[in-house]
Amino acid sequence: MECSTVIVGGGVVGLSLAMNLANLEGRGEDICVFESKYLGYGSSLRNAGRFRVHFGDERNLEFAIKASEYLESLTKLTGMNSLFTRTGYLWIASDESSYNTLKSANSLFKKWNVPLEEIPPEELYRKYPYLRKRDEVIAGFFGKQNGSIHPDSVIFGLEKKARKLGVRIAEYSPVETIEIRNDKVVSAISRGVKVSTERVVIANGAWMKSFSEALGLGIPIEPVRKEIAITEPFSFEISPFIVDSSLHLYFSQTLKGEIIGSTTLGNEPRGLVEFGNSFLWLKTYAQRLSKALKGASMLRIIRTWSGYYEMTPDRSHIMGRSKDWPEGLYALGGFSGHGFMLGPFAGKVMAEYLFTGKMSNLMVPYSPDRFKEGKKLEETFVIG
Ligand SMILES: Cc1cc2nc3c(=O)[nH]c(=O)nc-3n(C[C@H](O)[C@H](O)[C@H](O)COP(=O)(O)OP(=O)(O)OC[C@H]3O[C@@H](n4cnc5c(N)ncnc54)[C@H](O)[C@@H]3O)c2cc1C
């Protein structure tokens, strides 16, 4: 078997890369996506489906603004409605430190024309009457530019379009080995089948570090398991995504009416631990949600699940290749909990780079070499 490009991983990142590359090259049959389980099995079908433009690092902010525009165009590009809505994010600052962080980040946001609206407490409770009043709340900050997309629609839309363009997608087909000869990629092996190729893009999210260890690539991505829950649906009231950093809580309502949300305990298991949920997490989430949302104690949680955040040391993603890697090897991942919003656009930017050989300015800061070159992009706006 032969493929000009092998993509390891069928999450949102691998699928977007495949679709965009097939679009540019016009020969989708040359592109092969290998997924060890089913498409979206990793974090891509386990997330909250939210996007935002507001990041602490200016390069991430610029990337996210462009990524949100790309998300908006997905329905047209894939032919499947991604249920894109800009219903906003509402940050609740209930301690001095969160307040000061949001206030000072707002000068950067204003520079990029995506300001947050600061809302004093009285107005906050008038505008969002379902929020439980808490004396410690200093202000709300509303970002109308942010919103939601539906993970299923995005994944299956990308799959549908990629297949239409001829991309070969193999599920339940883990890539076991990448063969290197004379410092060049020559093949990938999946389920014992050798696939000759000149180019492999590793896009397997939380599995990237362990997968690339045998190749000695030293990609610093650490999986951190995150839990999440959904309640039974009720009439739609809560349109923004609400983030309360002092309660370590986020929640919102889906279009169907369920409350989807999570809390962090601060001791989330690291590494490729089994997916699962703990009673302590569920109890803490229910207690914190009840503190923030009126009537929450009456809600029934119908499902809990977990997935990995794929964390890099600076909480920003990795794109491209190190100059020390064998020719033909590339990586795209480490989105540190932001991959659903940034991944589709990152797939497009990476496809353009592979097709033209020219790296866009947007991609330059995300080199895997930045860690050893002291050029980290320290991102402080991580939710969950
Ligand atoms: C609870 C939770 C909530 C989140 N909420 C949001 C959110 O609201 N917004 C947002 O932007 N992001 C969110 N995220 C993060 C987001 O889901 C991820 O960053 C994103 O899905 C990563 O996509 P990916 O394609 O890089 O990785 P994945 O989706 O994990 O895909 C990698 C794939 O590679 C496959 N694989 C692994 N090894 C191999 C191999 N050897 N061969 C072939 N295939 C292999 C895996 O099976 C997996 O399907 C959340 C994550 C979690 C866990």
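In what order do the 6 strands of the open sheet with mixed pairing run? Reading across, the order is β8-β2-β1-β12-β19-β18. Keep in mind while you look that this is a predicted model. At the edges of this sheet stand β8 (168-170) and β18 (318-320), each with a single partner strand, so one side of each is left without a neighbour in the sheet. Going from one strand to the next, the twist averages 20°.

Strands of a sheet can pair either parallel or antiparallel, and they do it through backbone hydrogen bonds. For a parallel example here, look at β12 (residues 199-202) and β19 (residues 329-333), which are joined in that sense over 3 bridges. If you want a residue pair to anchor your eye, take V200, whose bridge partner in β19 is L329.

Now move to the other sheet. This one is open too, with 3 strands in the order β9-β10-β11 and antiparallel pairing. Its edge strands are β9 (175-181) and β11 (193-196), and each of them pairs on one side only. On average, neighbouring strands here are turned by 25° against each other, if you ignore direction.

Let's walk along it. β9 and β10 (residues 184-190) run antiparallel and are joined by 6 bridges. You can follow the register residue by residue: V175 sits opposite S190 in β10, T177 faces I189, and E179 is across from S187. The two strands form a hairpin with 2 residues between them, and in that turn N182 has a positive phi of about 50°.

Carry on from β10 into β11 and you meet another hairpin, with 2 residues between the strands; here it's R191 that takes a positive phi, near 50°. β10 and β11 pair in the antiparallel sense over 4 bridges. S190 turns up again at this point, with V193 as its bridge partner in β11.

On to a pair of helices. Two packed helices are described by the angle between their axes and the distance between the axes. α1 (12-25) and α5 (residues 151-164) pack at an angle of about 30°, and their axes are 9 Å apart. Angles under 35 degrees count as roughly parallel, and α1 and α5 are therefore roughly parallel to each other. As for handedness, α1 passes α5 in a left-handed crossing.

Last stop: the ligand. Which residues come nearest to it, out of the 43 around it? They are G11, G42, G205, G307 and G339. Several elements give two or more residues to the shell: α1, which you've just seen packing with α5, belongs to that group, along with β3 (50-51), β13 (222-231), β17 (301-311) and α8 (339-356). In terms of chemistry, the shell divides into 19 nonpolar, 18 polar and 6 charged residues.

And where does the ligand lie with respect to domain 1 and domain 2? Domain 1 is pieced together from 5-65, 151-221 and 314-370, while domain 2 takes in 88-145 and 222-311. Both domains give residues to the shell, so the ligand lies between them.

Technical notes. Residues numbered from 1 in each chain as written. Predicted model: local features only at pLDDT ≥ 70, side-chain atom pairs only at ≥ 80, totals over all residues. Pairing = 2+ DSSP bridges. Axes fitted to C-alpha atoms, helices over the stretch in contact; angles between N-to-C directions. Near = placed C-beta within 6 Å. Nonpolar A, V, L, I, M, F, W, Y, C, P; charged D, E, K, R; others polar. Domains from an automatic or database assignment. Parallel < 35°, antiparallel > 145°, perpendicular 65-115°, else oblique. Left-handed = near helix turned anticlockwise from the far one by under 90°.
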